[in-house]
Amino acid sequence: MMIPACFSHPNTLSSASQLPQSLITCIYQTQFCNSPTYLTLSWSKTLFSHSLTVFASDSFSITIPLYPSTFSFFRNKPGSKSICLTHHHYQRIKLYWDFTRAQFTHNSAEPDSCFYIAIICNARLEFFLGDLQSELTRRVSSGLVLTRQVVAEPTLLSRREHVFGHKSYASRAEFLGSKHEIGIECNGGALIVKVDGEISLVVKRLAWKFRGNERFFVGGMEVEFFWDVFNWVNNSNGNNNHGHGVFIFQVGDGGVWPEMVGLEKRLIRKSLSSSVGQSQTLMPAAMASLSPSPSCSSVLQWAEESSDCGRSSCSSSTTRSCGSNNGGFSLLLYAWRRD
């Protein structure tokens with residue numbers, strides 16, 4: 001199931017400055033005022049913009065502007081915002097963030113270090129992401145005692161990322177608390193999947209196996225891998241610069257995926273319209289990946305069906321299906337080939 005859209009933008013990509021350099025969406029399971037909540041963090045970066053949108057279903061949405069560390073005269077100061085939760089008996093939470101010294105690698109929209117974002121409710125640290133918790137403690141009021149130890153740690157349920165390259169693509173994943181570097185290479189009619197630099201899977205003859213799924217193990221943990229590179233294999237004219245492959249890494253029952261909105265939605269729609277324009281004789285199986293729904297793909301359907309209890313519903317901040325109670329996680333990659 002999908003998380004409802006929380007913000008919107010114009011429907012077209014009018015210039016190169018609006019084309020994304022990095023798009024990352026992560027969903028966490030946490031608590032606000034003793035109520036289970038899905039928290040979505042969407043990191044977005046283009047040539048002239050860089051932002052983080054924090055969204056909690058039925059509760060709030062806030063967009064925080066970020067800037068590359070090289071633009072020192074544009075750096076933001078640490079910020080905060082108080083929010084009233086109308087669906088939680090009008091209790092108030094407070095967001096704190098500091099990205100003034102955030103470090104970014106590989107042109108990623110998501111920082112690697114020297115940052116934090118936190119949510120406090122009733123003097124409890126309900127959510128924290130980053131590596132500067134001591135600075136947060138010094139920053140808040142001296143009379144406020146943070147009691148994070150009584151609150152369950154947030155659980156990362158899923159990560160969706162758009163990666164860009166020519167033949168190789170890189171991402172990262174957290175499989176049940178264990179962090180890993182993910183690499184995908186597509187060259188010479190073969191697909192190579194690497195985890196922490198080690199080859200985990202090789203798929204040959206992609207012209208015939210442009211969609212499929214396999215299982216492999218990472219540190220004794222079973223990972224189910226799905227791929228769909230039909231857009232690449234079908235690109236016989238070589239003029240689809242925005243063609244994309246779809247890859248899913250799933251552990252356990254998998255996580256949940258949010259609905260695409262804004263820049264991400266426009267990017268997928270542009271790719272779909274370009275693909276349809278190139279070929280009017282697509283096989284019926286291929287049409288699943290060209291659905292009007294920008295987040296629909298046959299491999300997404302396979303991944304959902306592979307879960308015993310199905311995908312978690314994110315339309316409500318207080319519901320979870322049985323499939324997400326077992327610590328499942330999904331990494332969904334859209335790999336964009338740029339010549």
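Modeller: A residue counts as buried when its relative accessible area is under 20%, as exposed when it is over 50%, and as partly exposed in between. Please keep in mind throughout that this is a predicted model.

Biologist: With that cut-off, is arginine 159 buried or exposed?

Modeller: The relative accessibility of arginine 159 is 6%, and the limit for burial is under 20%. Arginine 159 therefore counts as buried.

Biologist: Which side chain meets that of arginine 159 in a salt bridge at 2.8 Å, N to O?

Modeller: The partner sits in the loop between strand 6 (91-98) and strand 7 (116-121), whereas arginine 159 belongs to strand 9, so the two residues, 49 apart, link distant parts of the chain. The partner also counts as buried, at 7% relative accessibility. The side chain that meets arginine 159 is that of glutamate 110.

Biologist: Arginine 172 also forms a salt bridge; which residue does its side chain meet?

Modeller: Arginine 172 lies in strand 10, and its partner, 60 residues away, lies in the loop between strand 6 and strand 7. Both ends are partly exposed, arginine 172 with a relative accessible area of 27% and the partner at 31%. At 2.3 Å, N to O, the side chain of arginine 172 meets that of aspartate 112.

Biologist: Which residues are joined into one network by salt bridges that share partners?

Modeller: By the rule used here, the count of salt bridges in the model comes to ten. Some of them share partners, and those join five residues into one network: Glu110, Asp112, Arg159, Glu161 and Arg172.

Biologist: Turning to the sheet, which strands stand at its edges?

Modeller: Nine strands form an open sheet with mixed pairing, in the order 4-3-2-1-9-17-16-15-14. Each edge strand has a single partner, so one side of each is left without a neighbour in the sheet. On average, neighbouring strands are turned by 15° against each other, direction ignored. The edge strands are strand 4 (60-65) and strand 14 (211-218).

Biologist: Which residue of strand 16 is the bridge partner of phenylalanine 226?

Modeller: Strand 15 (residues 221-228) and strand 16 (residues 244-251) run antiparallel and are joined by five bridges. The partner of phenylalanine 226 in strand 16 is isoleucine 248.

Biologist: Which strand supplies the largest share of the lining of the largest pocket?

Modeller: This pocket has a volume of about 690 Å³, and its lining comprises 28 residues, with Tyr28, Leu129, Leu156, Glu174 and Lys179 nearest the centre. The lining divides into twelve nonpolar, six polar and ten charged residues. At least two lining residues come from each of strand 1 (20-32), strand 8 (124-130), strand 9 (155-165), strand 10 (168-175) and strand 11 (178-187). The largest share, four residues, comes from strand 8.

Biologist: In the hairpin of strand 11 and strand 12, which residue in the turn has a positive phi?

Modeller: Six bridges join strand 11 to strand 12 (residues 190-195), and the two run antiparallel, with asparagine 187 opposite alanine 190. Two residues lie between these strands, and the one with a phi of about 65° is glycine 188.

Biologist: And which residue takes a positive phi in the hairpin of strand 12 and strand 13?

Modeller: Strand 12 and strand 13 (residues 198-203) run antiparallel and are joined by five bridges, with valine 195 opposite glutamate 198. This hairpin has two residues between the strands, and the residue with a phi near 55° is aspartate 196.

Key
Residues are numbered from 1 along each chain as its sequence is written. This is a predicted model: local features need pLDDT of at least 70, side-chain atom pairs count only at pLDDT 80 or more; totals for chains, interfaces and linings use all residues. Side-chain values use heavy atoms; hydrogens and water are left out. Two strands pair if DSSP finds at least two bridges between them. Axes are lines fitted to C-alpha atoms, for helices over the stretch in contact, and angles run from 0 to 180 degrees between N-to-C directions. On a 1 Å grid over the protein atoms alone, a cavity is a set of points where a 1.4 Å probe fits but cannot get out, and a pocket is an open set with protein on both sides within 12 Å along at least five of seven lines; lining residues have an atom within 4 Å of a point. Grid points are joined across faces, edges and corners, and a volume is the space filled by probe spheres set on the points. Ala, Val, Leu, Ile, Met, Phe, Trp, Tyr, Cys and Pro count as nonpolar, Asp, Glu, Lys and Arg as charged, and the others, Gly among them, as polar. A salt bridge is a side-chain nitrogen of Lys or Arg within 4 Å of a carboxyl oxygen of Asp or Glu. Buried means under 20% relative accessible area, exposed over 50%, partly exposed in between (1.4 Å probe, protein chains only).
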